[in-house]
Amino acid sequence: MWGTAAKRHSFLRAFTFFLGLGIEISTSGADLVLQKVPPLTVAQAPNYPQNLARLELGAQIESDLPADASSSVPFLSGDPASVYALRTGTTRLLISLAKIENIDSIAFLNSEAKGTVTIATSSAKLSPESPQWHEARQEELSSGLIAARIGPAEAKYVRLTFNVSSPGRLGNLGIYSAAPVSDFTMPRVRKIAADTSAEDVAKANYNLADLHAKARAIFVSSGDDLKLAYNMIDGQPGTAYAFAANDAAPAAIIDLGRSVPVNRISTFSTPGSAVVKFYLLGALPANNIENPASALRIDPQTLAAFKIVRTGSDDGSGRVAVNFEETAGRYVMLVWARPTQNASFSVAEVAVFGPPSNARLLAANTGGNNTSDGKSVRDSKDVKDFSKEIPGEGPAEEQAPAEGPAPELPRPPPFVFIPRVVPTSP
């Protein structure tokens with residue numbers, strides 16, 4: 001699942017963020033030209049396994065240190081700015097999934113912590129100290145990406161045991177199964193576990209810019225392989241999208257699939273104090289380019305009229321998170337300004353969040369979900385908008401002519417009953 005070297009990009013710095021207030025990005029007055037990202041294809045699906053360690057997919061987390069409970073829950077939100085403080089000594093994190101899954105790998109980002117992590121799995125609920133856990137892997141903790149291939153192995157519970165000699169912080173936890181195409185054509189039910197407390201629901205919202213929930217990266221300003229732009233919203237800490245080194249103002253547009261209320265955006269990119277402007281648009285602007293199917297040209301006047309919901313800057317760690325007044329929109333545009341030119345710049349994660357009511361709605365929906373032995377039954381509302389093989393993006397999808405009625409099937413031949421007489425025994 002970790003792909004080629006072109007997809008992988010490790011980030012080796014601390015996991016803190018800074019909210020930049022009133023920071024301005026200088027513009028040259030030139031048009032902003034964005035390249036169209038090719039639609040996601042079935043062939044690409046295996047590169048994008050879904051992260052199962054998500055609150056909205058029914059995952060839960062607990063620590064053997066009660067004081068850490070409040071900080072461990074947001075760890076499942078998909079927010080690049082949410083981190084878990086790892087103390088010196090032994091710490092266990094127990095992640096329970098919604099049902100038994102065929103787990104392939106586990107990954108997270110480590111900052112400064114030194115020691116080891118032992119990964120164990122189980123299909124049955126066990127105490128953290130039980131000897132019946134299946135120990136799958138042990139890894140040395142080094143700064144950057146920690147990725148462990150542990151399967152394929154069936155499990156519902158994952159135990160991470162950290163033996164730490166030097167404290168640090170963890171981020172971007174991912175638990176992945178092999179990536180079936182069905183994760184796109186029939187997405188998993190997004191319903192918070194019924195026994196999740198209201199307090200926990202309020203602490204961890206869910207990411208609207210999720211590749212598996214119809215969000216798409218539709219435009220980028222540069223890059224050698226445009227189709228890798230989906231790396232920015234794939235939920236994998238070990239993948240990123242690389243913009244051209246000479247791109248002075250890297251930019252991207254993310255389509256959330258529909259208009260939704262938004263009040264927070266987080267990003268994780270190459271460390272280096274990049275300043276980023278966040279725009280939220282209800283519709284894409286008119287395109288004044290000869291071939292609108294391949295690019296989008298935005299003139300300075302149009303760009304100046306766009307609503308900037310917030311401007312932020314990282315402190316050298318690569319993480320930026322901004323909160324703002326709740327605003328409805330479908331398209332998130334990000335424009336970075338970098339202090340260093342002709343240097344590599346990559347974006348690993350873009351996450352978009354709405355008000356806590358979104359998560360509360362998911363929790364309320366659990367009442368309509370029939371479960372038995374860890375299996376969930378979908379109702380008609382669970383699968384709406386996902387009838388296409390790989391859902392498309394952008395307004396063109398909505399403007400396409402509707403299909404005509406399906407051709408009638410030939411009538412079946414008439415059924416004729418012919419009795420058969422069976423001789424009786426004397």
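**Exercise 1. Find the partner of strand E2.**

*Task:* Which strand pairs with E2, in which sense, and over how many bridges?

*Solution:* Start with the pairing itself: E2 and strand E4 (residues 89-111) run antiparallel to each other and share four bridges. Two strands count as paired if DSSP finds at least two bridges between them. The strands themselves (E, at least two residues) and the helices (H or I, at least four) are DSSP runs, numbered from the N terminus. Next, pick one residue: Ile-61 stands opposite Ile-95 in E4. Last, look at the two faces of E2. Ile-61 and Ser-63 make up the covered face, while Gln-60 and Glu-62 are on the uncovered one.

Before you go on, a word about what you're looking at. This is a predicted model, where local features need pLDDT of at least 70, side-chain atom pairs count only at pLDDT 80 or more, and totals for chains, interfaces and linings use all residues. Residues are numbered from 1 along each chain as its sequence is written, and side-chain values use heavy atoms, with hydrogens and water left out.

**Exercise 2. Decide where to trust the model.**

*Task:* Where is confidence lowest, and where is it highest?

*Solution:* The score to use is pLDDT, the predictor's confidence in each residue, from 0 to 100. For the protein chain the mean is 76, and 70% of the residues reach 70 or more. Now go to the extremes: strand E17 (residues 371-372) is lowest with a mean of 37, and strand E5 (residues 114-122) is highest at 96. Then check two stretches where pLDDT stays under 50: residues 1-28 and residues 365-389. The model still has contacts beyond four places in sequence there, 86 for residues 1-28 and 39 for residues 365-389. A contact means heavy atoms within 4.5 Å. Where pLDDT is low, the predicted coordinates should not be read in detail.

**Exercise 3. Follow strand E1.**

*Task:* Which strands does E1 pair with?

*Solution:* Take E13 to begin with. Strand E1 (residues 32-36) and strand E13 (residues 295-298) are antiparallel, with four bridges. Within that pairing, Val-33 has Arg-297 as its bridge partner. Then turn to E9, which also pairs with E1 in the antiparallel sense, over two bridges. Here Lys-36 is matched with Phe-219.

Arg-297 has another link: a salt bridge to Asp-31, with the closest N and O atoms 3.6 Å apart. Arg-297 lies in strand E13 and Asp-31 in the segment before E1, so this pair ties together parts that are 266 residues apart in sequence. (A salt bridge is a side-chain nitrogen of Lys or Arg within 4 Å of a carboxyl oxygen of Asp or Glu.)

**Exercise 4. Compare salt bridges by burial.**

*Task:* Are Asp-255 and Arg-330 buried or exposed?

*Solution:* First get the cut-offs straight: buried means under 20% relative accessible area, exposed over 50%, and partly exposed in between (1.4 Å probe, protein chains only). The salt-bridge count comes to seven. One of them joins Asp-255 and Arg-330, with the closest N and O atoms 2.8 Å apart. That pair links strand E11 to strand E15, 75 residues apart. Both Asp-255 and Arg-330 are buried.

Now try Asp-225 and Lys-227, whose side chains meet at 3.1 Å, N to O. Asp-225 counts as partly exposed because its relative accessible area is 29%. Lys-227, at 35%, is partly exposed too.

**Exercise 5. Place Ala-45.**

*Task:* Why does Ala-45 count as buried?

*Solution:* Locate Ala-45 in the loop between E1 and strand E2 (60-63). Its relative accessibility is 0%, so Ala-45 counts as buried. Leaving out residues up to four places away in sequence, Ala-45 touches Ala-179, Val-181 and Phe-184. Ala-179 is 134 residues from Ala-45 along the chain, yet their C-alpha atoms are separated by 6.5 Å.

**Exercise 6. Explore the nonpolar cores.**

*Task:* How many residues does the largest nonpolar core have?

*Solution:* A nonpolar core is a set of buried Ala, Val, Leu, Ile, Met, Phe, Trp, Tyr and Cys residues joined through side-chain atoms within 4.5 Å. The largest one has 40 residues, and those with the most contacts inside it include Met-232, Phe-243 and Trp-336. Among the strands giving two or more residues to this core are E11 (251-269) and E15 (319-337). A second, separate core of 30 residues includes Leu-55, Ile-95, Val-164 and Ile-175. You met Ile-95 earlier, opposite Ile-61.
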